[in-house]
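Subject: A structure for you to explore

Hi there,

Here is the structure I promised to pass on to you. Have it open beside this email while you read, and take your time with it.

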Amino acid sequence: MKRLNKWVAVLGLAVLVAAPAFAGHGKCDASTQECLDKMAAHMKKSGWVGVELEKSDMGGYQVAKVIPGSPAEEAGIRAGDVLFAMNGIELGVEENKEAIMKVKKGLAPGKSVDYTIKRDGYDRQVTVTLAPMPADLLAQYIGQHMLDHASAGIATGK
């Protein structure tokens with residue numbers, strides 16, 4: 001499950017919670033191929049930031065890695081930054097979960113997201129223009145998702 005969480009984080013905050021039904025929170029009742037097709041179609045419509053994230057003690061999410069060539073790199077986000085707010089809404093706060101989900105519904109490639117980041121004790125505003133997820137990352141995520149489901153099924157006998 002830890003590996004799956006890493007790949008969800010690679011998608012970046014724009015889609016971090018955009019596909020809960022595909023991230024182990026639900027089971028697709030269709031055929032495997034239909035589920036994969038649905039998952040891929042959904043993810044292709046979601047905007048990509050290009051960071052790996054970890055929960056931060058300061059609130060928000062700490063950037064563990066910035067994917068080279070990603071929108072995050074182009075916007076100047078660096079490893080070690082803390083993504084504290086998205087479009088003015090503080091991240092990682094349970095009370096803001098619904099507001100964040102509402103914002104994320106409209107985040108597609110080409111849309112912009114304003115992040116408040118914390119770096120070296122200062123707040124900075126960064127605008128990221130979302131991109132489509134690269135095909136190789138999409139394939140890796142879907143492959144890992146299927147492996148995790150197969151492993152979970154074997155462990156539970158399903």
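Below is what I found in it, going from the overall layout to single residues.

**The overall layout**

Please keep in mind that this is a predicted model. The protein has five helices and six strands. Starting at the N terminus, you will meet them in the order α-α-β-β-α-β-β-α-β-β-α. There are 158 residues, and 41% of them are buried. The accessible surface comes to about 9,000 Å², with 53% of that belonging to carbon and sulfur atoms. If you take the contacts with a separation of 6 or more, 56% of them are between residues 24 or more positions apart.

**Two hairpins**

A good place to begin is the pair β1 and β2, which run antiparallel and are joined by five bridges. Look for V51, and you will find V66 of β2 standing opposite. The two strands make a hairpin with five residues between them, and G59 in the turn has a positive phi of about 95°.

Next, turn to β5 and β6. These strands are also antiparallel, with eight bridges between them. One of the residues to look at is I117, whose bridge partner in β6 is R124. Here the hairpin leaves two residues between the strands, and D120 takes a positive phi near 55°. Note that D120 is not a glycine. D120 sits in the loop between β5 and β6, and its relative accessible area of 66% makes it exposed.

**The nonpolar cores**

In soluble globular proteins, nonpolar side chains tend to be buried together. Which residues have the most contacts inside the largest nonpolar core? They are V51, I77, L83 and Y115, in a core of 20 residues. At least two residues of this core come from each of β1 (51–55), β2 (61–66), β3, β5 and β6 (122–129).

I77 is worth a closer look. Setting aside residues up to four places away in sequence, I77 touches V51, V63, V66, A72, L83, R119, V126 and V128.

Another core lies apart from the largest one; it has 11 residues, including A40, M43, W48 and I67.

**Salt bridges**

Side chains of opposite charge can pair when their charged atoms come close. How many salt bridges are there in this model? The count is two.

One of them joins R119 and D81, with 2.7 Å between the closest N and O atoms. This pair links distant parts of the chain: R119 belongs to strand β5 (residues 112–119), while D81 lies in the loop between α3 (71–75) and β3 (82–86), and the two are 38 residues apart. Are these partners buried or exposed? R119 counts as buried because its relative accessibility is 7%, under the 20% cut-off. D81 is buried too, with a relative accessible area of 1%.

The other salt bridge is between K118 and D123, where the closest N and O atoms are 2.9 Å apart.

**A few residues in loops**

Let me finish with some single residues that you can look up one by one.

- S70 is in the loop between β2 and α3. Its relative accessible area is 0%, so S70 is buried. Not counting neighbours within four places in sequence, S70 is in contact with W48, V49 and G50.
- N87 lies in the loop between β3 and β4 (89–90). N87 has a positive phi of about 50° although it is not a glycine. With a relative accessible area of 34%, N87 is partly exposed.
- G88 is found in the loop between β3 and β4. At a relative accessible area of 69%, G88 is exposed. The C-alpha atoms of G88 and I100 are 9.8 Å apart, and these residues are separated by 12 residues along the chain.

**Where to start**

If you would like a route through the model, try this one. Start at V51, which stands opposite V66 in β2 and is among the residues with the most contacts inside the largest core. Then go to I77, which touches both V51 and R119. From R119 you can step to D81 through their salt bridge.

Enjoy looking around, and do write back with any questions!

Best wishes

Note on methods
Residues numbered from 1 in each chain as written. Predicted model: local features only at pLDDT ≥ 70, side-chain atom pairs only at ≥ 80, totals over all residues. Heavy atoms only, no water. Salt bridge = Lys/Arg side-chain N within 4 Å of Asp/Glu carboxyl O. Helix = DSSP H or I, 4+ residues; strand = E, 2+ residues; numbered from the N terminus. Buried < 20%, exposed > 50% of the residue type's maximum accessible area, 1.4 Å probe, protein only. Core = buried A, V, L, I, M, F, W, Y, C linked by side-chain atoms within 4.5 Å. Contact = heavy atoms within 4.5 Å. Areas by Shrake-Rupley, 256 points an atom, 1.4 Å probe, with all protein chains shown as cover. Pairing = 2+ DSSP bridges.
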